[in-house]
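Reader: Hi, could you walk me through this model? I am new to reading structures, so please explain the terms as we go.

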Amino acid sequence: MASVPSEKFREIYNFAFVWAKEKGQKSLALETAIGMWQLLFAEWHWSLVDHWCQFLQLKHNKAISRDTWSQLLEFAKTIDLQLSNYDEEGAWPYLIDEFVEYLTENGIVQRPRN
Amino acid sequence: MSAQKRRTFKIEAFKHRVEIDPKYAERTWKVLEHAIHEIYNHNASGLSFEELYRNAYNMVLHKYGEKLYSGLVTTMTGHLKEIAKSIEDAQGSLFLEELDRKWGEHNKALQMIRDIMMYMDRTFVPSSGRTPVHDLGLNLWRDNIIHSSKIQSRLLDTLLDLIHRERKGEVINRGLMRNITKMLMDLGPVYQEDFEKPFLEVSASFYSGESQQLIECCDCGEYLRKAEKRLSEETERVSHYLDSASEVKITSVVEGEMIANHMQRLVHMENSGLVNMLVDDKYEDLARMYSLFRRVTDGLSTIRDVMTAHLRETGRQLVSDPEKLKDPVDFVQHLLDEKDKYDMIISKSFNNDKTFQNALNSSFEYFINLNNRSPEFISLYVDDKLRKGLKGVTEEDVEVVLDKVMMLFRYLQEKDVFEKYYKQHLAKRLLSGKTVSDDVERSMIVKLKTECGYQFTSKLEGMFTDMKTSVDTLQGFYASQHAEIGDGPTLAVQVLTTGSWPTQPSPPCNLPPEIIGICEKFRTYYLGTHTGRRLTWQTNMGTADIKATFGKGQKHELNVSTYQMCILMLFNSAERLSYKEIEQATEIPASDLKRCLQSIACVKGKNVLRKEPMSKDIAEDDAFYFNDKFTSKFIKVKIGTVAAQKESEPEKQETRQRVEEDRKPQIEAAIVRIMKSRRVLDHNTIVTEVTSQLQSRFLPNPVVIKKRIESLIEREFLERDKADRKLYRYLA
């Protein structure tokens with residue numbers, strides 16, 4: 001993992017959700033969310049972003065909640081690419097739990113066994 | 001007379017020391033020595049107790065106590081050495097007898113000697129710290145006889161040999177044994193050191209050998225019987241000729257060798273082990289196993305674990321066997337029978353042991369919940385019992401059965417699923433008038449209320465209220481109509497309050513004109529007295545009795561569902577109708593229509609209609625005719641399909657979906673309740689708390705709980721803590 005995103009980046013990231021969603025809606029449409037993620041993670045690199053978007057299109061196909069949006073950054077920030085420090089009891093949003101399952105089941109990531 | 005002065009007499013002590021003549025001491029001792037000899041030689045009768053006592057007394061008085069004591073020791077020792085020799089020389093069985101006899105004699109002698117030496121015992125002995133005469137006599141016996149090299153091991157070997165022979169079935173002289181062991185006990189630690197310790201060791205190896213032998217050739221029940229016998233033999237042996245303190249020691253040796261060392265092998269013995277005993281209800285063998293195993297560490301837990309594993313496995317097989325699952329009533333009966341069986345075993349053989357009861361309960365809870373149709377099936381079982389027409393079943397019998405069913409109910413993890421099915425089945429029973437008695441129905445509801453609280457049953461009670469109210473409403477309706485009805489069809493209406501009854505979507509169907517009139521009259525009447533309400537005919541839940549006349553004039557009364565009535569009435573004005581025509585005229589939904597047509601056209605004995613072609617399935621281009629040739633030996637023919645049955649796969653999915661939907665708000669309510677009182681909590685604690693709050697109704701899925709939390713975050717009831725993302729905060 002290259003670097004830790006700055007506080008500024010985090011502010012911009014979280015602001016992007018509010019800005020991009022439709023007025024009066026609570027969640028962000030999936031297409032828009034994917035577009036935003038690709039933009040943002042070009043700025044600060046997260047190598048799993050493409051898998052994440054693929055996964056959402058395959059398995060979720062619904063709008064993205066605010067909590068999921070903001071927690072995704074935390075996930076990208078703290079969890080390493082081998083997912084070795086991912087904790088099932090870590091109170092991650094269920095979509096992220098499912099994403100981890102998706103990655104391991106499809107062999108995209110080999111989680112080290114302890 | 002003048003007072004004379006009294007002169008006090010004074011006796012003065014000797015001014016010089018008066019010594020006894022040493023020769024006198026020696027002479028006195030000799031007398032006593034001689035007396036001791038005579039006593040040992042059984043010649044005591046010629047002695048004078050008083051004289052001897054006085055001699056001993058004098059010696060002590062004149063400070064010759066030491067001489068007296070040591071003389072006593074020497075003399076007695078001498079005699080004992082002779083006695084030892086005579087015992088050593090005894091052959092065979094006379095050895096013990098001689099020992100016993102000499103011991104008796106020694107005690108008698110000791111008694112007399114002690115009496116003679118009593119003054120010394122009371123004065124010289126304590127002041128010089130010597131052993132009192134009686135104990136001295138015992139010690140000398142011990143040292144010179146028991147511990148004599150030629151006697152010590154021979155004695156032990158003889159005793160052990162006799163015990164061994166008795167164990168092998170020989171009769172031995174128990175009285176003699178008793179005397180000998182009593183002698184050893186009198187000698188202080190001699191019994192434990194010289195006898196008991198080796199006895200226990202030898203017994204251990206004896207029983208180790210015997211148990212090895214027996215376990216190879218006996219089945220489990222036989223083995224246990226033999227072990228029990230050995231234990232009682234040993235106890236009896238102790239009571240006859242051993243120290244009572246040895247009992248617990250020897251029984252623990254037997255328990256260790258015969259039971260503890262072979263527990264696993266016994267329990268798992270093929271064809272005769274614990275599982276076989278359980279399967280065959282061998283109460284006596286099981287009781288014996290319980291009482292024997294209970295004596296050893298982990299004995300009962302061994303039995304319990306094997307019983308639990310067996311129960312879980314048979315239970316698991318029962319609930320996954322498609323054969324057994326075909327008939328729900330049968331299935332539940334199997335469960336009840338299994339429970340009865342084990343209750344009986346625990347009561348008859350396991351002493352109503354609570355830990356076994358718990359193991360039974362946890363096993364049942366485990367496998368009943370393996371099959372997610374258990375709640376539905378249990379409700380169907382109750383439905384079967386509560387229907388009228390069960391021959392020979394009294395109300396009391398039904399009560400007993402219901403109490404047993406409640407036990408099964410308690411094991412269910414998904415009690416809310418049971419509630420849903422119970423409601424459906426109860427509705428059908430009430431509406432078709434098929435319940436064995438109102439009282440029994442209510443008693444079942446009381447049982448459920450006691451178990452689950454008032455909320456569980458409040459809706460069910462609402463159903464009963466509706467039934468009762470409907471009767472009154474109907475009476476009122478007919479009273480208001482009088483002559484206007486005349487020969488028309490008679491209507492019986494149940495007005496159901498929507499919240500209390502199971503929700504069913506009710507697509508309307510077209511009622512025959514003969515019926516519509518009176519239905520409308522009822523609607524008007526009802527809305528007249530209950531403004532602001534809306535009535536919807538539930539055509540999928542009703543029944544009808546129709547009178548039909550067939551080809552040769554035979555009349556029958558047909559009991560059918562409302563849908564079937566709508567179909568049949570069409571044939572009053574048409575000879576032949578195609579499927580499509582029937583569908584159009586009645587507007588009954590296709591799947592229901594097909595099922596109805598099948599039951600009135602394709603079932604032997606109920607085929608009031610004739611179908612072309614005569615296939616079993618209903619096809620869209622089939623044609624139907626009124627079956628003039630219909631016959632039945634019954635005047636009243638029941639064709640309605642209203643009885644409760646186990647659901648088809650799609651119905652089951654639907655019900656399960658509804659249950660899952662119902663659970664979401666309950667989970668959310670629990671989360672909010674908990675967060676409101678605790679304010680800040682971490683994720684895992686919420687999951688634990690929610691689970692514990694809801695477990696009396698169902699076991700919430702942690703993933704569902706997580707989704708509900710996220711939904712509550714979305715709706716701003718909760719938020720994540722800014723510092724620690726694993727904590728949630730309640731938003732007021």
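Author: Let us begin with the place where the chains meet: chain B and chain A bury about 1,300 Å² between them, and 43% of that is on carbon and sulfur atoms. Buried area here is the accessible area, taken with a 1.4 Å probe, that two parts lose on being put together, summed over both. In chain B, the residues that lose the most area to chain A are Lys706(B), Glu714(B) and Arg725(B), which together make up 42% of what that side buries.

Reader: How many residues does the contact take from chain B and from chain A?

Author: The contact takes 13 residues from chain B and 16 residues from chain A, where contact means heavy atoms within 4.5 Å.

Reader: Before we go on, where does the model come from, and how are things numbered?

Author: This is a predicted model, in which local features need pLDDT of at least 70 and side-chain atom pairs count only at pLDDT 80 or more, while totals for chains, interfaces and linings use all residues. Residues are numbered from 1 along each chain as its sequence is written, chains are lettered from A and ligands numbered from 1 in the order in which they are written, and side-chain values use heavy atoms, with hydrogens and water left out.

Reader: OK, so which helices and strands does chain A have?

Author: Chain A has five helices and zero strands, counting DSSP runs of H or I with at least four residues as helices and runs of E with at least two as strands, numbered from the N terminus.

Reader: And what about chain B, how many of each?

Author: Chain B has 31 helices and nine strands.

Reader: What radius of gyration does chain A have?

Author: Chain A has 14 Å, which agrees with the value near 13 Å that a compact globule of 114 residues would have. The radius is taken over C-alpha atoms, and the globule rule is 2.2 Å times the number of residues to the power 0.38.

Reader: What does chain B have, next to a compact globule of 732 residues?

Author: Chain B has 49 Å, whereas a compact globule of 732 residues would have a radius of gyration near 27 Å. Along the principal axes, the C-alpha atoms of chain B fill a box of roughly 155 × 75 × 75 Å, and the C-alpha trace of chain A spans about 45 × 30 × 25 Å.

Reader: What share of chain B is buried?

Author: Buried residues, meaning those under 20% relative accessible area with a 1.4 Å probe and protein chains only, make up 44% of the 732 residues in chain B.

Methods
Buried means under 20% relative accessible area, exposed over 50%, partly exposed in between (1.4 Å probe, protein chains only).
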